[in-house]
Amino acid sequence: MEWTQEEMDRIFNPRVVAVVGAKRDTDYTWVRSVLPLKGKVYSVQIDEREIPGILELGIPNYTCLQDVPEAVDYVIVAVPRAVAPRVLADAIEKRVGGIMFFTAGFAETGTDEGGRLQALLTEMASKAGMKVVGPNCMGIYNPKVGLRFSENQAHGEGGNVGFLSQSGTQAHLLSTVGYSHGLRISKAVSFGNGIVLHAADYLEYLGRDPETEVIGAYIEGVPDGRRFFRVLRDVAAKKPVVVWKAGRSPEGARAARSHTASLAASSRLWDAVLRQCGAIQVDAFDEMLDALKALAYIRPTADRRMGLVATTGGQSVSITDAFASEGLLVPELTARSYQEYAQFFSIIGGSYRNPLDMTPNSGTPKLIRRCLDILGADEHVDAVAYDFNLGLATRERQEFWEGLVAELVGYKDSSSKPFFVSITAGHREEQALRLRQRLAQAGIASYPSFPRAAAAFRRLVEHAAFRREVDEAG
Amino acid sequence: MVGVDVIARARKEGRTVLTEVESKELLREAGIPVVETSLARTSREALAHAERLGYPVVMKIVSPDILHQSDVGGVRLGVRSQAEARLAYRELLAAAARANPGAILHGVSVQRQAAPGVEVVVGMAKDPQFGPFLMFGLGGVLVEVLNDVAFRLVPLARRDARAMVREVKGYPLLAGHRGQPPVDTVALEQALLALSRFAEAHPEIRELDLNPVLAYPQGVLAVDARVVLEGA
C-alpha cells in the first residue's frame, strides 16, 4: 500500500496525540515526551493507580480511546503485546491518523506467539488502511510541532535533516548527539519491525517533504527490495540520502533478525543498489553523523584538490596521509601563491608547499587568516581544511582561540570554496566541545580527527560527482 | 518479442535449461554479439557448417542432458580441416554416449574459433528481495578466485553500465595494460544494456551466463552462453 503526502503529514505533524498505557514505573515518559506538543495531548489508561500521576501532569485521561472528545491524529502505544490488537481495533474504530507501537515482543522474538500477534496486527491494519509505525520502535520526532519520543530531544526549532531508522537508539542518538553537532532535525522516525509503513514509505515521505533537504537512513532490511530501489533512486536524484545498511556481516544479519525480524539480502547486492541509486554509504553511527554534517554545512564540490593547513610538521604529514588515503589530492600550489607566501611566511621549522606547516606562522589569528586567504584563492585548490589544535598551547589561550574562530568564520564567509575544520583536542576535550558548537553555530563543520574529516569530505565529493554525472547524462 | 520460439520449444519439451545453441540464438536476437554457432545433426552437416564458417572451428556436444560439455570430453578446440572435423564429430558422439548413454542428443555445434581477446563474464540472476540483477567481471582467475565482480539491478541506466565496467579491480586490463590496446568498453556497455532490456522483457528467464565474452579493441563477442528458465 502506498500513502499520500497528506496522509503521512497527519501523523508527522499531529495536532492531537493520545498516549495509551503511560505508567508511573517509567515516570510517564511517553506523556512527558509529548508535553511540548503544539496541540492537544490525551492519555488513555484504565489502571486507576496510574491515572492520578497522569492528571498531575495536566493531561486529561480517558479509559478508552473512543472516549477522547476529538479526532486523534497520532496514537502512542506502550501496552503489553497481548493487548496491542485490542488497542489497534479501537484506533481503527476511532479512525485515528496513525498508531505507533512502542510495544515489542513480535516477530523479532522468533516465537510462534510473537509471529502470530504480528501477523494479526498486520492483517487488521492492512484491511482497515490504518498506518502503523512499528511495532517495536520509538516512533516519530518532529521538533517543530513538539512531538518527541524522548525527553532528551530538543523542541521548538525545526531543521533540514530527515532521518528514518529501524533502530530507536540510532534515531535517538542522531537527534541528540546530532543536535550537539549542529544538526537540526526536520522529522525523524524510528520504525522497528515496520509491518505496515516500511523504509520506502518514510523515504518517499521525506523525499517530498519541503522542510527536509538531507536524509539519513538506518536500515536492517526491507520487505520489498524492488520498491525500495525505485523510491531510493527517485529520492536520491533530488536530495542527498545517506544510508547505513546494518547487519552486513553474517553475525550482524543474525542480530538484525532478532532485533527487527529483518531478512538479509547479500551485502554485495546492497552495495550495488546504494551505488546505483547514488546514495551515500556509511557503516557506522559516526560516519552517518559526519556525512550529514558535511551535507548540511560544507559547500558541495566534485573536485578533489585539497589545500591543507596543519599546526605543526607532524600534523602536516598525518593530515596529508588521511586525505590522500581517501583518494583526495594534495597538489603543489601555483607559483603566484608561492611568491605571496615567500614575502612573509617563515620556513624555519615550517613549510607552505601544501600542506602548510604553520609552526612558526601561527602567532596571530590575522597571520593565520592571511595564509588561508592565499590558499583559498589558489587555482590548484578546490577545498580547504584547517587543523584547529587545542592541545599544544601550554596555557589556556581563550582570547586567541576566540580571535581565531572569528577569522575562520570571516575566511569561510569570504570564500566560495568548501571549508571545514578538524579539531585536535589533545587533552582539552571540554574546550573542544565548546569550539565544535561555536563553529557549528557559525555554519562550519568540524571533525574530531583527520581521518573522519577526510572520509566525510570524500563522501561529499563522491556525491557531488554523482550529481554532476546525473545532471549531464541523465 | 524475441526468442519466443526457442523458449516455447524448451517449455514444450519440459526443459528449463536451454542448450548452448538455443541460448545463443536467443541472445543474438536480443542484440548481443554472439559467435555464429550452427547445429549439425550429421557428420555431413558438420562439415558443411565448418566449410561455411571457415577453419579453425570449435565443435561441442549439444544435449539438454549434458550441461558441462568439457567435463565429459564434449568439446574440441582448433579443428583445422575436413578430416579433423569428421573425426571430431565421431569422437564427440562417442564421448556423449560414454558419459550418459541415455542422453538426448541434439547433435554437435560448430562455431568458428574466435580470435583471442580479453575474457570477461556477464550474467543475470535474481535475488529474492531485489529481483533481477546483472553481474560483470573479468574472466578466469579474477572472477573465480578474487570474486572481482560488479553488480547492478535491472534496469540499468547508461551510467550504470559505465560504472560496472570501471568498478572491477581488473579494469586496467580493459583500459590497455602494458602497451595492449584498450578494449571496446562502449561495446561492453552496450551489451550490458541490451542484456538489461532483455532481462526486463523476459521475466520467465531465471538465470543467464555469458562466459566468456571476448572483448576486442573493436567490438565484443560472446563465445559461450547458458540460459535457464523459471520453472513452468
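Which residue follows α9(A), and what is the sign of its phi? Keep that in mind as you open the viewer; the model is predicted, and the tour ends up at several helices of chain A.

**Stop 1: the domains of chain B**

Start by colouring chain B by domain. Residues 36-112 form domain 1, and residues 118-229 form domain 2. Place a centre on the C-alpha atoms of each domain of chain B, and the two centres are 27 Å apart.

**Stop 2: where the chains meet**

Now show both chains together. The contact involves 13 residues of chain A and 11 residues of chain B. On the side of chain A that touches chain B, select α8 (225-236), α10 (267-277) and α17 (450-473), the elements that each give two or more residues. Linger on α10(A), which gives the most, with five residues. Coloured by residue type, this side of chain A shows seven nonpolar, three polar and three charged residues.

**Stop 3: a pair of helices**

Next, select residues 84-94 and 112-128 of chain A, which are helices α4 and α5. Their axes come within 10 Å and cross at roughly 5°, so α4(A) is roughly parallel to α5(A). To see the contact, show side chains for A:A84, A:P85, A:L88, A:A89 and A:I92 on α4(A), then for A:L117, A:L120, A:L121, A:M124, A:A125 and A:A128 on α5(A). The contact between α4(A) and α5(A) is made up of 11 nonpolar residues, with no polar and no charged ones.

**Stop 4: the two sides of α9(A)**

Move on to residues 250-260 of chain A, helix α9, and pick out A:A256, A:H259 and A:T260, which are buried. Look down the axis of α9(A): these buried residues fall within an arc of 65°, so they line one face of the helix. Turn to the face pointing away from the buried side, and you will find the exposed residues A:P250, A:E251, A:R254 and A:S258. Just after α9(A) comes the answer to the opening question: A:A261, with a positive phi near 55°.

**Stop 5: A:C371**

Finally, select A:C371, which sits in helix α14 (residues 365-377) of chain A. Is A:C371 buried or exposed? With 22 C-beta neighbours inside 10 Å, A:C371 counts as buried, because the cut-off for a buried residue is 20 or more. Beyond its neighbours within four places in sequence, A:C371 is in contact with A:V309, A:L356, A:M358 and A:N361. Draw a distance from A:C371 to A:L356, 15 residues apart along the chain, and their C-alpha atoms are 8.7 Å apart.

Definitions and conventions
Residues are numbered from 1 along each chain as its sequence is written. Chains are lettered from A and ligands numbered from 1 in the order in which they are written. This is a predicted model: local features need pLDDT of at least 70, side-chain atom pairs count only at pLDDT 80 or more; totals for chains, interfaces and linings use all residues. Domain bounds come from an automatic or database domain assignment. Two residues are in contact if their C-beta atoms, placed from the backbone, lie within 7 Å. Helices (H or I, at least four residues) and strands (E, at least two) are DSSP runs, numbered from the N terminus. Ala, Val, Leu, Ile, Met, Phe, Trp, Tyr, Cys and Pro count as nonpolar, Asp, Glu, Lys and Arg as charged, and the others, Gly among them, as polar. Axes are lines fitted to C-alpha atoms, for helices over the stretch in contact, and angles run from 0 to 180 degrees between N-to-C directions. Angles under 35 degrees count as roughly parallel, over 145 as roughly antiparallel, 65 to 115 as roughly perpendicular and the rest as oblique. A residue is buried if 20 or more other C-beta atoms lie within 10 Å of its own, exposed if 12 or fewer, and partly exposed in between; C-beta atoms are placed from the backbone. The arc is that of the directions from the helix axis to the C-beta atoms.
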